Amino acid sequence: MILHSFVDYYQALEAHGGVSRPGWAKVKVSYALEIDENGGLVDILPLMTNAEGKKKARPREMELPAPVVRTVGEVSNFLWDNASYFVGIDAKGNPEKTKKRFLKAKELHLSLLSEIDDAFAKAICSYFSTWDIASARQNPIVNGHIEELESGANLVFMFREGFPPDKTGIKAAWQHYYDSSPEYENVMRCLVSGELTEAMKTHPPIKGVMGAQSSGATLVSFNAPAYCSYGHEQNINAPVGKYAAFAYTTALNSLLSDREHTKIIGDTTVVYWAEDADTQTQDAFACILDGGDTVSNADLDGFMTAISQGRNANWNGLPVFPDNRFYVLGLSPNAARLSVRFFLQDTFGGIVKHIKEHYDRLEVAADGRGKRGPIPLWALLRETVNPKSSSKAASPQMAGDTLRAILTGGP
């Protein structure tokens, strides 16, 4: 049910044009390898940008070919990757492994681009055919950016001030490769779509859960014989098709990257969404749960009353519908995997009704000096922390249980 709801959400996002199409992903890239028509390295250019209100520059987000899943062995991304795959250097002191990585990148790019009549494609092929990793560190351009390259930052090719996805032929080559590969050795019925399709052994990583590995963690994972059955390996034990695996991970990663609609409750990262990808419903939920200065207490109470009674109401001038399906998911880190702390689904009106009942039970007669109306969850949890404790965080177990009780009307 969780994966199915994410596939539906992906399709709603796709209809709004707010998510990458199958085979592509939003990738954070820090530097560009600028090359000439002969594949020679011209420069290494920073692509970081300063986000509004942020002092530290951040990598540029670009839509590029979807990242590969790396478990064991060396496997390269297409058109972008780190310096060990594209330049042949890293900071780990393992030249043989680095050489294998560069050769894997070379093999992939030559196989996809060598037959394309495009100057950019030919330049990339020439780069991989002529670049000498043995003398990479002595190259004056590389030598001037050793620290950045060894950091593991993502690189992308640049040619005549353009990037690979700008070229129709290169895009088509990747799309054909993605659609026609990989192994069709595991044709099974997808547990999400119900269709006979290729079941994926591994799924793309989930990034953005607090406390989980920065490289990403998995929501579906079978990594020991004790969890496997009928001779199946890895995620074939719970077959999910290629499209469904891409769709659910893309949808979840999109939610986790949206920090305005992500909450940390104890040790749990909480995401929430409307079935039709309605962002004003997300905005309203965030304000109802946490409080805020965007609306007055009277307006907030009026909105909750209308929605909980099944009546449409406006939020920031846009309509919100109480019958819209709404989902709340809590995830916690568990080594390289993710644990589902809770998954709640109801109409938006049903969830708001429970939150309003919770606020009504907590209502305190005011003395007129304070401006706060309903007591938000964070303020409630803060009062449970021992003032003398070095940690100012509430008990993770209690925090998660309290949120679940509020949203479901439970004890």
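**Note on the predicted model: sheet, helices and backbone outliers**

1. **Hairpin.** Strands β13 and β14 form a hairpin with 2 residues between them. A335, in the turn, has a positive phi of about 55°. The two strands pair in the antiparallel sense over 10 bridges. One bridge joins G330 to F342 in β14. Helices (H or I, at least four residues) and strands (E, at least two) are DSSP runs, numbered from the N terminus. Two strands count as paired if DSSP finds at least two bridges between them.

2. **Basis.** This is a predicted model, in which local features need pLDDT of at least 70 and side-chain atom pairs count only at pLDDT 80 or more, while totals for chains, interfaces and linings use all residues. Residues are numbered from 1 along each chain as its sequence is written, and side-chain values use heavy atoms, with hydrogens and water left out.

3. **Confidence.** The mean pLDDT (the predictor's confidence in each residue, from 0 to 100) is 89 for the protein. Of its residues, 96% reach 70 or more. Confidence is lowest in strand β8 (residues 196-198), at a mean of 86. It is highest in strand β5 (residues 80-81), at 96.

4. **Overall build.** The protein has 13 helices and 14 strands. Its C-alpha trace spans about 75 × 50 × 45 Å along the principal axes. Of the 411 residues, 45% are buried. Here buried means under 20% relative accessible area, exposed over 50%, and partly exposed in between (1.4 Å probe, protein chains only). About 21,000 Å² is exposed, and carbon and sulfur atoms supply 50% of it. Areas come from the Shrake-Rupley method with a 1.4 Å probe; for residues, only the protein chains shown count as cover. Contact means heavy atoms within 4.5 Å. Among contacts between residues at least 6 apart in sequence, 64% join residues at least 24 apart.

5. **The open sheet.** The hairpin strands belong to an open sheet of 4 strands. The order is β9-β10-β13-β14, with antiparallel pairing. The edge strands are β9 (262-265) and β14 (337-347), each pairing on one side only. The twist averages 25° from one strand to the next. Axes are lines fitted to C-alpha atoms, for helices over the stretch in contact, and angles run from 0 to 180 degrees between N-to-C directions. β9 pairs with β10 (residues 268-274) in the antiparallel sense over 4 bridges. In this pair, K263 stands opposite V270 in β10.

6. **Helices on the sheet.** Helix α11 (residues 348-362) packs on the sheet and touches β13 (325-334) and β14. Its direction makes about 100° with that of β14. Helix α13 (residues 396-408) also packs on the sheet, touching β9, β10, β13 and β14. The direction of α13 makes about 20° with that of β14.

7. **Check on α11.** At 1.5 Å a residue, the 15 residues of α11 should span 21 Å. The end C-alpha atoms of α11 are 21 Å apart, which agrees. The expected span is 1.5 Å times one less than the number of residues. Buried residues in α11 include F348, I351, V352, I355 and Y359. H354, K356 and H358 are also buried.

8. **Y272.** This residue lies in strand β10. Y272 counts as buried because its relative accessibility is 0%. Leaving aside neighbours within four places in sequence, its contacts include T262 and K263, and also F326, Y327 and V328. L255, Q282 and F285 are among the others. The C-alpha atoms of Y272 and T305, 33 residues apart along the chain, are separated by 21 Å.

9. **Positive phi: buried or exposed?** Two cases are worth a look: L79 and E161. Most residues other than glycine have a negative phi. L79 has phi near 75° and lies in the loop between β4 (60-65) and β5. At 1% relative accessibility, L79 counts as buried. E161 has phi near 65° and is found in the loop between β6 (155-158) and α7 (168-180). At 68% relative accessibility, E161 counts as exposed.

10. **Helix α7.** The 13 residues of α7 should span 18 Å at 1.5 Å a residue. The end C-alpha atoms of α7 are 18 Å apart, which agrees. I170, A173, W174, Q175 and Y178 are buried in α7. The buried residues of α7 pack against β1 (24-29), β4, α3 (95-113), α4 (119-130) and α8 (242-257).
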